[in-house]
Amino acid sequence: MERLKKLIIFDLDGTLAQSKMLPDGEMTAILCDLLMKTNVAVISGASFKQFKDQFLTTLLMCAEALSRLYIMPANGSSLYQSGQGGWKSVYEELLPKEDRIKIKQAIEQAIATAGIPLPQRVHGELIEDRGSQVTYSACGQDAPLEVKSVWDPDHAKRQRIKKILVSLLPDFEVRIAGTTSIDVTKKGIDKAYGIRKIGEHLNIPIDEMLFVGDAVFPGGNDYSAKELGVETIQVSGPDETKKIIDDLLRKHVNESH
């Protein structure tokens, strides 16, 4: 049997769960099994609050293994690990307040300039300030998947908005994310940045990592992991991710075995 990588990194939406939905019981169980054997990180454009609501609440069944779980909200611009008294911040690349205001105004301008018809109903917040990231969600943060999945399936609408945003915000990182979102962070903040930071924190080299995500293609928000040199696996959704994890558990052992 081959040795299991020292760190397995997953995207969240579209990889461990459907967009903004809880992982199902089968996913939770095999993630707990994986956490018993190696370190696991989850990196996403989601806020830490969303991580808590959508992901962490499902892992209470394997609380004893949470010391091996690392959460990386806002595309790796922050890192949290479990400790006494709950989850602790390891680092956070906060945007200054004036930058967050500037980004929000630019998003509003880009939407107006693009001239794209917006959904008649918005579910929740349209532009969310996540501290280290500002996120635009065209249908609202709380929109159901059936609403989001039909708004921009080919990314064409967001590509149009992104092109305008890049010209308005040349000093920031602008990326298409999720099903209807556009994320804006400090320049140079992407999933590769987060992976480098957690590698430094855990003293784990790139060749001892594996990344699993649904957007590991040029232009996809997981592609920077591949560009960094991390071994990557692209999946079509949570069902394929389960097969990948099951395969890792069956074919590999951790160093302690």
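Let me begin with a single residue, K52, which at 40% relative accessibility counts as partly exposed, since that class lies between the 20% limit for buried and the 50% limit for exposed. K52 is found in helix α2, which covers residues 48-54, and its C-alpha atom is separated by 30 Å from that of Q120, a residue 68 places away along the chain. Before I go further, please keep in mind that what we have in front of us is a predicted model.

For contrast, let me turn to L34, whose place is in helix α1. Is L34 buried or exposed? At 0% relative accessibility, L34 counts as buried, and, leaving aside residues up to four places away in sequence, L34 touches L4, I8, F10, V40, I245 and L249. The C-alpha atoms of L34 and N75, which are 41 residues apart along the chain, are separated by 23 Å.

Now to the sheets, beginning with the one that has 7 strands, an open sheet in the order β6-β5-β4-β3-β2-β11-β12, in which the pairing is mixed. At its edges stand β6, residues 86-92, and β12, residues 231-234, and because each has a single partner strand, one side of each is left without a neighbour in the sheet. From one strand to the next, the twist averages 20°.

Helix α1, residues 25-35, packs on this sheet, where the helix touches β2, β3 and β4, and its direction makes about 155° with that of β2. Helix α6, residues 191-202, lies across β2, β3, β4, β5, β6 and β11, and runs at about 145° to β4.

Let me follow the pairing through part of this sheet. Strands β2 and β3 pair in the parallel sense over 4 bridges, and L7 stands opposite N39 in β3. On β3 itself, 5 of the 5 residues are buried, so the strand is largely enclosed by the rest of the structure. Which residues point which way from β3? N39, A41 and I43 point one way, V40 and V42 point the other way, and all of them are buried. You may recall V40 as one of the residues that L34 touches.

Strand β2, residues 7-10, also pairs with β11, residues 209-213, again in the parallel sense and over 4 bridges. Along that pairing, I8 stands opposite L210 in β11, while the bridge partner of I9 is F211. β11 is mostly covered, with 5 of its 5 residues buried, and the covering applies to both faces, with M209, F211 and G213 on one side and L210 and V212 on the other. Moving on to the edge, 4 bridges join β11 to β12, and these two strands run parallel; here the bridge partner of G213 is Q234 in β12.

There is also an open sheet formed by 4 strands, in the order β7-β8-β10-β9, where the pairing is antiparallel. What are its edge strands? They are β7, residues 127-129, and β9, each of which pairs on one side only. In this sheet, too, the twist averages 20° from one strand to the next. Between β7 and β8, which run antiparallel, there are 3 bridges, and E128 stands opposite T135 in β8. Helix α3, residues 97-114, packs on this sheet and touches β7, β8, β9 and β10, with a direction that makes about 25° with that of β8. Helix α5, residues 156-168, packs on the sheet as well, touching β8, β9 and β10, and its direction makes about 175° with that of β9.

Finally, I would like to look at the largest pocket, which holds about 640 Å³ of space. Its lining is made up of 39 residues, and those closest to its centre are D13, A177, G178, T179 and D214. Which elements each supply at least two residues of that lining? Among them are three strands of the antiparallel sheet, namely β8, residues 134-137, β9, residues 172-177, and β10, residues 181-186, and there is also helix α4, residues 145-148. By residue class, the lining of this pocket divides into 8 nonpolar, 21 polar and 10 charged residues.

Key: Residues numbered from 1 in each chain as written. Predicted model: local features only at pLDDT ≥ 70, side-chain atom pairs only at ≥ 80, totals over all residues. Heavy atoms only, no water. Pairing = 2+ DSSP bridges. Axes fitted to C-alpha atoms, helices over the stretch in contact; angles between N-to-C directions. Contact = heavy atoms within 4.5 Å. 1 Å grid on protein atoms, 1.4 Å probe; cavity = no way out; pocket = protein on both sides within 12 Å on 5 of 7 lines; lining within 4 Å. Points joined across faces, edges and corners; volume = space filled by probe spheres on them. Nonpolar A, V, L, I, M, F, W, Y, C, P; charged D, E, K, R; others polar. Buried < 20%, exposed > 50% of the residue type's maximum accessible area, 1.4 Å probe, protein only.
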